[in-house]
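Colleague: I am new to this structure and would love a close look at one part of it. Could you walk me through that part and then show me how to find my way around the rest?

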Amino acid sequence: MGTTIRIARIAGIPIHIHITWLIALFLVTWTLGVGYYPNEYPNWDGYLYWAAGGGSALLLFLSVLVHELAHSLVALDKGLPLSGITLFIFGGVSAIKLEAHTPGDEFWVAVVGPVTSLALAAAFALAGDLVSGAAVLSAILRYLAFINLFLALFNLVPGFPLDGGRVLRAAAWAITGNLAKATALAAGAGHVVAFLLMAWGVFQLFSGNLLGGVWTAFIGWFLHGAAESSRQEVAVQETFRGIKVSALMEPDPEYLSPDTPVGTFVREQVLHRGRRALPICDGNGLAGIISVSDVKVLPETLWDATTVSDIMTWSPLLCVAPDAEVTEALQLLSEHQVNQLMVVDGRTLVGLITRSHILDHLQFRQELGARGNR
Ligand SMILES: [Zn+2]
């Protein structure tokens, strides 16, 4: 998701901050520092409004992080691998790499987030009462109690991919036994919620609440996109369910020997035949892969003096077994942002699978499906 900075690792889960998070931090500080706190507490010294605004904004994002950590920890407990948590302009996301195995798992992973926010709201309210002598601190804690309650309730709205939408999906999945249908239903509800938010944002805009209106409309727009991409993702997974890599790969692919000059690879394969990558094999089997992006870092004057084995990439992560599911290959392709994977049986290269092989198949299946529906 664009430019992110890793700030910490909690319980083995990498925590990232997206660049837009800084915008959100500023906007929340500003809204609270010039709007909320001066309106609610008109008698403070001027600088205290900004201090309270900044402190509240940081604690708000810490609350969002705790909410996401709750999702992530339950996901790990249910055996669902994670790539981490990212905080960005609209809050946080836990990137869970696989769909839940059962509706029950999906339910628990989803519901723990709002439950955590409710618990935080109660804890902040209690703490606010305990320090009621300290006016500013108590005001900050009360604001956090309110905002965590709001987060809990907002996330329970039953539109996918909000937590409430996931609960709805889990219920529909349990009833129909069909994940794709359940996702379509929950994503449909997500679209309704998204459009209502956008409409409300526009209404606010025309009633003179510029920032609130734009903010609401953007959250609606973001939810709309997220609902759509989740629906498509599940549709793709359903299309490829049970299909093995070996069925879609290019078998017996061409390969280069390790001592091939880079210049030969560029002239004969890239320019002449339009190939973007080729595996490299030596006497023992697969040694690596060379692609156009490996060549890009090498000055052209060195192309003929350098062999492909000098600049090839080797990573077991760029290999997939022939009997792996195609969805696993898709996941590797997008995770490592590459266009092809080598299909390897032990150390023997048996094929090459590319994004375009998979997409062609997807298109073919969708055309067949579309015809079948008529
Ligand atoms: Zn959540």
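With which side chain does the side chain of His18 make a polar contact?

Modeller: Happy to help! Please keep in mind that this is a predicted model. The partner you are asking about is Thr20: its side chain and that of His18 make a polar contact at 2.8 Å. To find the histidine, look in strand 2, which covers residues 13-18. His18 has a relative accessible area of 11%, and the cut-off for buried is under 20%, so His18 counts as buried.

From there, step back along the chain to the loop between strand 1 (4-10) and strand 2, where you will find Ala11. Ala11 is exposed, with a relative accessible area of 58%. Its backbone deserves a glance too: phi is near 50°, a positive value in a residue other than glycine. For background, most residues other than glycine have a negative phi. Asp252 also has a positive phi, near 40°. You can locate Asp252 in the loop between strand 5 (250-251) and helix 9 (262-273). Asp252 is exposed, and its relative accessible area is 69%.

Now let us visit the metal. The zinc ion is coordinated by NE2 of His67, NE2 of His71 and two OD contacts from Asp163, at 2.0 to 2.6 Å. Along the chain, these donors follow the spacing H-x3-H-x91-D. His71 belongs to helix 2 (residues 46-77) and Asp163 to helix 5 (residues 163-176), so this pair ties together parts that lie 92 residues apart in sequence. Both His71 and Asp163 are buried. As for geometry, the angles among the four donor atoms run from 54 to 151°. A tetrahedral site would need all angles between 85 and 135 degrees, and the zinc site is classed as irregular.

Next comes a pair of helices. Helix 3 (residues 103-130) and helix 4 (residues 135-155) have axes that come within 8 Å and cross at roughly 160°. That angle makes helix 3 roughly antiparallel to helix 4. Their crossing is left-handed.

If you follow the chain into the loop between helix 4 and helix 5, you reach Pro161. A cis peptide bond joins Phe160 and Pro161, with omega at about 5°. In general, most peptide bonds are trans.

Two more residues are good places to pause, each paired with a residue further along or further back in the sequence. Leu197 sits in helix 6 (residues 179-206) and is buried, with a relative accessible area of 12%. Leu197 and Trp221 are 24 residues apart in sequence, and their C-alpha atoms are 8.2 Å apart in space. Ile311 lies in helix 11 (residues 308-311) and counts as buried at 18% relative accessibility. Between Ile311 and Ile289 there are 9.2 Å in space, C-alpha to C-alpha, and the two are 22 residues apart in sequence.

To come back to your starting point, His18 is a buried residue whose side chain contacts that of Thr20, while Ala11, in the loop between strand 1 and strand 2, is exposed.

Notes
Residues are numbered from 1 along each chain as its sequence is written. This is a predicted model: local features need pLDDT of at least 70, side-chain atom pairs count only at pLDDT 80 or more; totals for chains, interfaces and linings use all residues. Side-chain values use heavy atoms; hydrogens and water are left out. Donors are N, O and S atoms within 2.8 Å of the metal (3.2 Å for Na, K and Ca); water is not among the atoms, so sites may look incomplete. Four donors count as tetrahedral if all angles lie between 85 and 135 degrees; four count as square planar and six as octahedral if opposite donors are over 155 degrees apart and all others between 65 and 115; anything else is irregular. Helices (H or I, at least four residues) and strands (E, at least two) are DSSP runs, numbered from the N terminus. Buried means under 20% relative accessible area, exposed over 50%, partly exposed in between (1.4 Å probe, protein chains only). A polar contact is a pair of N or O atoms within 3.5 Å; within protein, one must be able to donate a hydrogen and the other to accept it, and residues adjacent in sequence count only if both atoms are side-chain atoms. Axes are lines fitted to C-alpha atoms, for helices over the stretch in contact, and angles run from 0 to 180 degrees between N-to-C directions. Angles under 35 degrees count as roughly parallel, over 145 as roughly antiparallel, 65 to 115 as roughly perpendicular and the rest as oblique. A crossing is left-handed if the near helix is turned anticlockwise from the far one by less than a right angle, and right-handed if clockwise.
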